[in-house]
Amino acid sequence: MDEMLKDFVVEAMDLAANVEEHLLHLERDPDNKETLNAVFRSFHTIKGGAGFMGLPALVAACHLTENLFDALRTGAAPVTPGAIEASLQASGFVADQLNDLNNGATPDQLPQMPADLERMLKDAIAGTDAAPAPKAAPAPVKAAPVAPAPAPAPAPAAPGADGLDWEAMYMAVVPAGTYTPAEAPAVAPGTAVEAVAAPAAAAPLEAAAAAAPAAASGKPGWDGVERRNENKPASTGPAKDESIRIDAVKLDALLEVAGESVQAANQAAVLLERLSQFKFEGQAATLMATLTETLERASRYSAELQRATLATRMQPVGRLFQKFPRLVRELAKDLGKDVELTIEGAETEVDRVVVDSLYDPLVHMLRNALDHGVESPEDRVANGKPAKAYILLKAWQEANSVMIVLQDDGRGMDPAKLRKKAMEKGLISENQATSDDEAYQLVFLPGFSTKEVASSVSGRGVGMDVVKTAVEKNRGAIRIDSNLGTGTKFSIRLPIELSIVPTMLVSTSGAQLALPMAVVERVVELPETFMQVGGAPVLKDQGRPLPVRSLALSLGYEACVERVGIVINAPQPYIIAVEAVDGTADLVIKPMTALNVEGITGTARSAEGSLVLVVGLSFLMDGCRTTVRLAA
C-alpha cells in the first residue's frame, strides 16, 4: 500500500468509527441537527478521499449516504428507523472496505456495493417507510454528487472536516470549461471529478488556494472573498502539522532503547556507589566528582526519555470501547432482548498493545453477557425487573494498574450448576472447585459451557478461556463476582503499560524475584510461630486474620526460613512469606517465550545486572495457587 493510500485509510477508519457512534446517538435523539451534520460531513470527507484514490464502491456508498443525510438535515426526508438501519449498513460496508485495504487488499480487489444496500439507501432517501416524504425524496438521488451549479444553499455543507470548500477552490484554478458541476443521474462521473479536491490532496490545493483570487474573478460558484473574510480559528490549519504518524514498530524499538538506557544508568549508579567507598585524592577526587555529576545528569535524562516514550504509546480505552455499542445493539436485536450499554471512563489511558489485544476478549464477554447473563424482557418483568437490561463497561486507573469492569444486571451465575456441568463434561473431579469463587473460575476452562445447544452467539465453550489467556498474556488478572438473580461482574486488572513495571525486589530460596507493586500493600515482620486455622498458618494483620503462604514453596523451590511477609492486595488478601526484601525498582520486562513456568511472567535485569524473575500478577491475585486444571 502506498503512503498516500495508507494515510487515507487510517484517517477514514477514524471517521468511520465516529460515524457509527453518531448514528447510535442519532437513534436515541433523531432531532439532533449537530449529529446529522457531523455524519454528513464524515461521509462527504470519506467520499472525496475515496474518489481521489480510485475506490468507486466506497464513493458510491458514501455518495448515497451523503444524499440521505442531506435530505435528513434539510427535512426533505424523515429520520426513521429504516434510515438509521440503512446508514448503519452503509457505515459497516465502508468500514469493511477500509479494513480490507488496511489488511493489504488492492483497490481492484474490493467488492462492489451490494444491491440490497443501494436499495435500502434509496428507499430511505425516498422516505418510503414514512408517509410525508415520498414526493420530496427522488430529487436528492438524481442530484449532482455535491450540489447543483447554483448551489448557494448546500454550500455550507460542502466544506470537508478541515473547513475548506475543495470543489470551489478547484473550480477557481482549472481552465474555464474544464469542470462544470452539472446535474447527472450517474454517481461515478460527478464523484470522480469532485475527488480531485479530496483532503488527501490537501498540500497541493493549499498552495493553489493562495493563487486562487487572481484566477477566480467572475467564475460561478467561487466564494473566495467571503471565505477570506471569515474569522477562522488560527489552530485549524496548523493542528495537522503538529502531529505525524509513526509506525508502531518504530515506537516499540524506541521504547526498548529508552528502557535499556535507564537500566544502564542504574547499573552505572551502582558501580559509582561502590567506587565511592574508596578514598580519592587530588585530581582523582575531582574526576570522581565530575563523573558523579555527569552520571546523575545522564540518569535523569534517561528517565525523562523513558517517560516521554511511554507517553507516545498510551491510548484512551475509548478507542476500543466505541466499537461496542453497535455490537450490543445488533446482538440484542437478534436475541430479542432490550439492552442498553453504558460506557464510563473512556478517557482512561493504557498501553497501545493492551488496547489492541483486548478487543476479542471484551467481545466474548459482551456476547456471553447478552446470551447467558441477560434475561428476555418477559422473564425480567416476571421477576420484577425492568424489561430493559443494562450492561456497564467501565474503566479507571488504580495505582499502577487499569481496571476494566463489565457488569450486567441479569440472572447471575449459579455455582452449584457450574460445578455440576463441569463434572458432567469431565472437566473437574468431585473434590475440585469447592468454593463459589473457584466455581466461577470454571467458566474459563476450555470446552466449558452451560448451554445445551450451541448457537451462533455462544455455547461452544471457546470464548471465556480466550479471555483469560489474553488477560494473562498482558500480565493481568481477571475476577468474577456474581449474585444469583442480580447480575455478574467481571473485573480485569491490567498494568498501565507493559514493558516497564514498578516492582518490589525480593529474594527467597536463593532466587531473586520481583513482585508487581500493583498488588503490594505493605511489608510486615513474621513471627517464628503462627496461629493455625484448618492446619494452615495465619497471622493477624490490622485486626484481620490473613493466611500466610510461602513464595518459595508456591513456586516449587526448596523450603527455607522466610521471616519477612508482604501483604498482597488480592480479592482475598493474604501474606506472602519471603527471605528478604531488597528494595523497589522499575524493571524492563522481557516475556518468556521459550519456557512456560507456572507463576513467572517474564524476566528482567536488576541494577546490579543480575537476572530477576518477575512473578505474574494473575498468580498473585489467585492467592499463589495454580488455576483449576482439567481432571486427570
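Begin by selecting strand 9 (residues 511-516) and strand 19 (residues 611-615), which run parallel and are joined by two bridges. Strands are DSSP runs of E of at least two residues and helices are runs of H or I of at least four, both numbered from the N terminus; two strands pair if DSSP finds at least two bridges between them. The model is predicted, with local features needing pLDDT of at least 70 and side-chain atom pairs counting only at pLDDT 80 or more, while totals for chains, interfaces and linings use all residues. Residues are numbered from 1 along each chain as its sequence is written, and side-chain values use heavy atoms, with hydrogens and water left out.

**Around strand 19**

Within the pair just selected, display L513, which stands opposite L613 in strand 19. Add strand 18, which runs antiparallel to strand 19 and is joined to strand 19 by five bridges. I600 has V615 in strand 19 as its bridge partner. Strand 18 and strand 19 form a hairpin with five residues between them. In that turn, select G609, whose phi is positive at about 95°.

Next, select A604 in strand 18 (residues 600-605). Is A604 buried or exposed? With 3% relative accessibility, A604 counts as buried; buried means under 20% relative accessible area, exposed over 50%, and partly exposed in between, with a 1.4 Å probe and protein chains only. Draw a distance from A604 to V588: the C-alpha atoms are 5.9 Å apart, although the residues are separated by 16 positions along the chain.

**The six-stranded sheet**

Move to the open sheet of six strands, ordered 10-14-15-13-12-11, in which the pairing is mixed. Strand 10 (520-525) and strand 11 (531-533) are at the edges with a single partner strand each, so one side of each has no neighbour in the sheet. From one strand to the next, the twist averages 40°. Strands of a sheet pair through backbone hydrogen bonds, either parallel or antiparallel.

At one edge, select strand 10 with strand 14 (residues 564-568); the two pair in the antiparallel sense over five bridges. Here V523 stands opposite I566 in strand 14.

Then select A536, in strand 12 (residues 536-541). A536 has 32% relative accessibility and therefore counts as partly exposed. The C-alpha atoms of A536 and R549 lie 8.7 Å apart, with the two residues 13 apart along the chain.

**The five-stranded sheet**

Select now the open sheet of five strands in the order 2-4-5-7-6, also with mixed pairing. Strand 2 and strand 6 (477-483) are its edge strands, each pairing on one side only. Its twist averages 15° from one strand to the next.

- Strand 2 (residues 339-344) and strand 4 (residues 389-398) run parallel and share six bridges. E344 stands opposite K394 in strand 4.
- Strand 4 and strand 5 (residues 401-408) run antiparallel, joined by eight bridges. W396 stands opposite M403 in strand 5. The two strands form a hairpin with two residues between them, and A399 in the turn has a positive phi of about 55°.
- Strand 6 and strand 7 (residues 487-495) run antiparallel over seven bridges. I480 stands opposite F490 in strand 7.

**Two helix pairs**

Turn to helix 1 (residues 3-28) and helix 2 (residues 33-53), which pack at an angle of about 155° with their axes 9 Å apart. Axes are lines fitted to C-alpha atoms, for helices over the stretch in contact, and angles run from 0 to 180 degrees between N-to-C directions. Helix 1 is therefore roughly antiparallel to helix 2; angles over 145 degrees count as roughly antiparallel, under 35 as roughly parallel, 65 to 115 as roughly perpendicular and the rest as oblique. Their crossing is left-handed, meaning that the near helix is turned anticlockwise from the far one by less than a right angle, whereas clockwise would be right-handed.

Finally in this group, select helix 13 (residues 248-275) and helix 14 (residues 283-313), packed at about 155° with axes 9 Å apart. Helix 13 passes helix 14 in a left-handed crossing. Their contact has 15 nonpolar, eight polar and two charged residues; Ala, Val, Leu, Ile, Met, Phe, Trp, Tyr, Cys and Pro count as nonpolar, Asp, Glu, Lys and Arg as charged, and the others, Gly among them, as polar.

**Cysteines**

To close, select C560 and C624. C560 is partly exposed at 27% relative accessibility, whereas C624 is buried at 8%. A search of the whole structure finds zero disulfides, a disulfide being a pair of cysteine sulfur atoms within 2.5 Å.
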